[in-house]
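Q: Please take a close look at one charged residue in this protein and at what surrounds it. Then go on to the other charged pairs, the nonpolar cores and the small sheet.

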Amino acid sequence: MDAREMKIKAAEAALSHVEDGMRLGIGTGSTAEEFVRLLAERVAGGLTVAGVPTSERTARLCLELGVPLKSLEEMPELDLTIDGADEVDGRLRLIKGGGGALLREKIVASASARMIVIADESKVVETLGAFKLPIEVNPFGLTVTRLAIEKVAARLGLSGELILRRSGDGPFTTDGGHYIFDASFGLIPDADALASSLNTIPGVVEHGLFINMASLAIIAGPAGARTLTAKE
């Protein structure tokens, strides 16, 4: 089973949690896109749902495939969000934002009664941090924000480069008009403390640590899909 087949298996398993009439948050990324394709087939067959996309990219795919969409203003309370992750640990803490949609992903997830993560085995880790942590920042005061992030990290025993994400000849810009620092902190022993500390920095719009947000993870591997629940 190749990587795409594993993503499809995870998306298929997640689709079994979708019920007629649900208000869905629809994630961003390659695994989430496989879910959208499968969801579109169910919608064509008569399933009634309304979705809130977490990015313009996801919105375009949904519209192309015929998945009905609403804005979060129109539908501020959701039943379920299904989204991918760049890393997931045994407590279902996540690193997200590799695709640059972390702010909208977190807003949509927080508006949902439940969040299900879909991923392949390569995303499961004992300790978060091998994947660079995306930190979405306001373009104003960029150097001030970078220095503040470095100080917070140092207090927690973390170090490593903060690289401004690029796109072509300029900085990568999120759907919300912000920039992203990708932080090479390495393994993060206390993800909760780092998340809380980053939240205190005025220039940080959001970060890719999703703590206590996922209720279930569906992980696909060569033998098929398995379900992870949070370890205490």
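A: What follows starts at one aspartate and works outward.

The model is predicted. D120 sits in strand β6, which covers residues 112–120. D120 is buried, yet has no salt bridge. The nearest side chain of opposite charge belongs to K123, and it is 4.1 Å away. A salt bridge requires a nitrogen and a carboxyl oxygen within 4 Å, so K123, at 4.1 Å from D120, falls outside the cut-off. The side chain of D120 does make a polar contact, with the side chain of S122, at 2.3 Å. Setting aside neighbours within four places in sequence, D120 is in contact with M6, K7, I219 and A220.

Strand β6 also takes part in the largest nonpolar core, which has 27 residues. Six residues touch the most other members of this core: V18, L24, F35, L39, I82 and I118. Several elements each supply at least two of its residues, namely α1 (3–15), β1 (23–26), α2 (30–44), α3 (56–65), β3 (78–83), β6 and β14 (216–221). The most comes from α2, with six residues. Beyond its neighbours within four places in sequence, I118 is in contact with a list of residues that includes A10, A11, A14, F35, I82, D83 and I218. There is also a second, separate core of 23 residues, and L133, L158, F185 and I201 are among them.

D83, one of the contacts of I118, leads back to the charged residues. The count of salt bridges in the model comes to 15. In one of them, the side chains of K96 and D83 meet at 3.1 Å, N to O. This pair links distant parts of the chain: K96 is in the loop between β5 and α4 (102–110), D83 is in strand β3, and the two are 13 residues apart. Both K96 and D83 are buried, while D120, also buried, has no salt bridge.

A second pair is E206 and K106, whose side chains meet in a salt bridge at 3.0 Å, N to O. E206 lies in strand β12 (residues 204–207) and K106 in helix α4, so this salt bridge ties together parts that are 100 residues apart in sequence. Both E206 and K106 are buried.

A third pair stays within one helix. The side chains of R146 and E150 meet in a salt bridge at 3.1 Å, N to O. Both residues lie in helix α5 (residues 142–155), four residues apart, which is about one turn of the helix. R146 counts as partly exposed because its relative accessibility is 26%. E150 counts as partly exposed too, because its relative accessibility is 32%. Elsewhere, salt bridges that share partners join D89, R91, R93 and D192 into one network.

The last part is the small sheet. Strands of a sheet pair through backbone hydrogen bonds, either parallel or antiparallel. Here an open sheet of three strands runs in the order β4-β5-β13, and the pairing is antiparallel. The edge strands are β4 (87–88) and β13 (209–210), each of which pairs on one side only. β4 and strand β5 (residues 94–95) pair in the antiparallel sense over two bridges. V88 stands opposite L94, which is in β5.

To return to the starting point, D120 is a buried residue with no salt bridge, and its side chain makes a polar contact with that of S122.

Methods: Residues numbered from 1 in each chain as written. Predicted model: local features only at pLDDT ≥ 70, side-chain atom pairs only at ≥ 80, totals over all residues. Heavy atoms only, no water. Buried < 20%, exposed > 50% of the residue type's maximum accessible area, 1.4 Å probe, protein only. Lys, Arg positive; Asp, Glu negative; His and termini not counted. Polar contact = N/O pair within 3.5 Å; in protein donor to acceptor, adjacent residues only side chain to side chain. Contact = heavy atoms within 4.5 Å. Pairing = 2+ DSSP bridges. Core = buried A, V, L, I, M, F, W, Y, C linked by side-chain atoms within 4.5 Å.
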